[in-house]
Amino acid sequence: MHFDDLNLIPPLLSAVRDMSYDQPTPIQRETIPPVLAGRDVLGCAQTGTGKTAAFALPILQRLSQERKQHAGRRTIRALILTPTRELALQVARELTRMAKYMTGLRILPIYGGQPIETQLRFLRQGAHVIVGTPGRVIDHINRGTIDLTTISYAVLDEADEMLDMGFRDDIQTILEHTPETRQTLLFSATMPRPILMLAQRYQNQPQYIKVQATELTVDTIEQVYVEVMPGQKTMALSRILDMYDPALTLVFVNTKIGAEEVVTYLQKQGYPASALHGDMCQVERDSI
């Protein structure tokens, strides 16, 4: 199957070709048709399987088809909630790329850490799609600076992560401010009971789509592991860096304190290393 087989409009197909997409991923193949048909979707797929395009392409197409009804008005038609600021920016960038041939469509990310005055200025200019984190969306609801009564599409992206981060009440408050007639899409890597309860409460007979990724990596990525004692990890890391001399390296650790400890060690060894974690302000995170 190709994207041409999914009944997408020419502007979206042109954008997809520009992004070097050829064949849709399984989650895209299964999700795009029911979303185009107006169905609610409960999607279970791991990160990296193409969920963003799975919901973005059909929503953008439906927005394009509705433009005649809302000509000249920049009212919020779609709301996409993500657990983190970085994901909100990433999703907004992807939507902007997919909508590059759709003139006049305005996509706006709103998230904590960005100056509120900047967001208020952009909101006053109007937007069709809002991509935001729950906390900042709640902030705008409380300020009366965002109106969700015009929403036709609501997306919960990485819903299990949002619940793990304690956003359940925020999500429910946000959805209560949207029309019951909205189309609701919920995507999650896992389907624990709280996710199913959200779906039962806020979705209308959703189509359940589960995609099991058989390949989590591509064949251009080489994977190697090294067995070392816990206390020798940072030393082994520095030796690997010396051996391969990479231009850029991303090191994952499981705690914020661990990130700082690894950075301190690497800096003492002369490596230009920086930490990136949730205790840092947004300006620092953007800079790094």
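Select Val 224 to begin: this residue sits in the loop between strand 7 (207–210) and helix 10 (233–244). Helices here are DSSP runs of H or I with at least four residues, strands are runs of E with at least two, and both are numbered from the N terminus. The model is a predicted one, in which local features need pLDDT of at least 70 and side-chain atom pairs count only at pLDDT 80 or more, while totals for chains, interfaces and linings use all residues. Residues are numbered from 1 along each chain as its sequence is written, and side-chain values use heavy atoms, with hydrogens and water left out.

Is Val 224 buried or exposed? Val 224 has 64% relative accessibility and therefore counts as exposed. The cut-offs are under 20% relative accessible area for buried and over 50% for exposed, with partly exposed in between (1.4 Å probe, protein chains only).

Now add Val 226, Val 228, Ile 240, Met 243 and Tyr 244 to the selection. Together with Val 224 they form a nonpolar surface patch with about 620 Å² of accessible area. A patch is made of residues with over 30% relative accessible area and no salt bridge; nonpolar side chains (Val, Leu, Ile, Met, Phe, Trp, Tyr) are joined within 5 Å, and like charges within 9 Å. Accessible areas come from the Shrake-Rupley method with a 1.4 Å probe, and for residues only the protein chains shown count as cover.

**The whole chain**

Next, show the entire protein, which has 12 helices and seven strands. Its radius of gyration is 21 Å, close to the 19 Å that the globule rule gives for 288 residues, so the protein is as compact as a globular protein of that length. This radius is taken over C-alpha atoms, and the rule is 2.2 Å times the number of residues to the power 0.38. The C-alpha atoms fill a box of roughly 60 × 45 × 40 Å along the principal axes. Of the 288 residues, 47% count as buried. The protein exposes about 16,400 Å², and carbon and sulfur atoms supply 50% of this area.

**Two helices and their cover**

Select helix 2 (residues 26–36), where Ile 27, Gln 28, Thr 31, Ile 32, Pro 34 and Val 35 are buried. What covers these residues includes strand 1 (41–44), helix 3 (51–66), strand 6 (183–188) and strand 7. Contact here means heavy atoms within 4.5 Å. Just after helix 2, Gly 38 takes a positive phi of about 95°.

Move on to helix 6 (residues 134–143). Its buried residues are Pro 134, Arg 136, Val 137, Ile 138, His 140 and Ile 141. They pack against several elements, including strand 2 (78–81), helix 5 (116–125) and helix 8 (168–176). Gly 144, just after helix 6, has a positive phi of about 75°.

**Charged side chains**

Side chains of opposite charge can pair when their charged atoms come close. The structure holds nine salt bridges, each defined as a side-chain nitrogen of Lys or Arg within 4 Å of a carboxyl oxygen of Asp or Glu.

- Select Asp 18 and Lys 100, whose side chains meet in a salt bridge (3.1 Å, N to O). This pair links distant parts of the chain, 82 residues apart: Asp 18 is in helix 1 (residues 10–18) and Lys 100 in the loop between helix 4 and strand 3.
- Select Glu 94 and Arg 97, which meet in a salt bridge (3.0 Å, N to O). Because they are three residues apart in helix 4, about one helical turn separates them.
- Select Arg 201 and Glu 176, joined by a salt bridge (3.3 Å, N to O). Arg 201 lies in helix 9 (residues 193–202) and Glu 176 in helix 8, so the pair ties together parts 25 residues apart in sequence.
- Select Arg 136, Asp 139 and Arg 143, which are linked in a network of salt bridges.

**A buried arginine without a partner**

Finally, select Arg 106, in the loop between helix 4 (85–98) and strand 3. Which side chain of opposite charge is nearest to Arg 106? It is Glu 117, 15 Å away; Arg 106 is buried yet has no salt bridge. For charge, Lys and Arg count as positive and Asp and Glu as negative, while His and the chain ends are not counted. Leaving aside neighbours within four places in sequence, the contacts of Arg 106 include Arg 74, Phe 122, Gln 125 and His 128.
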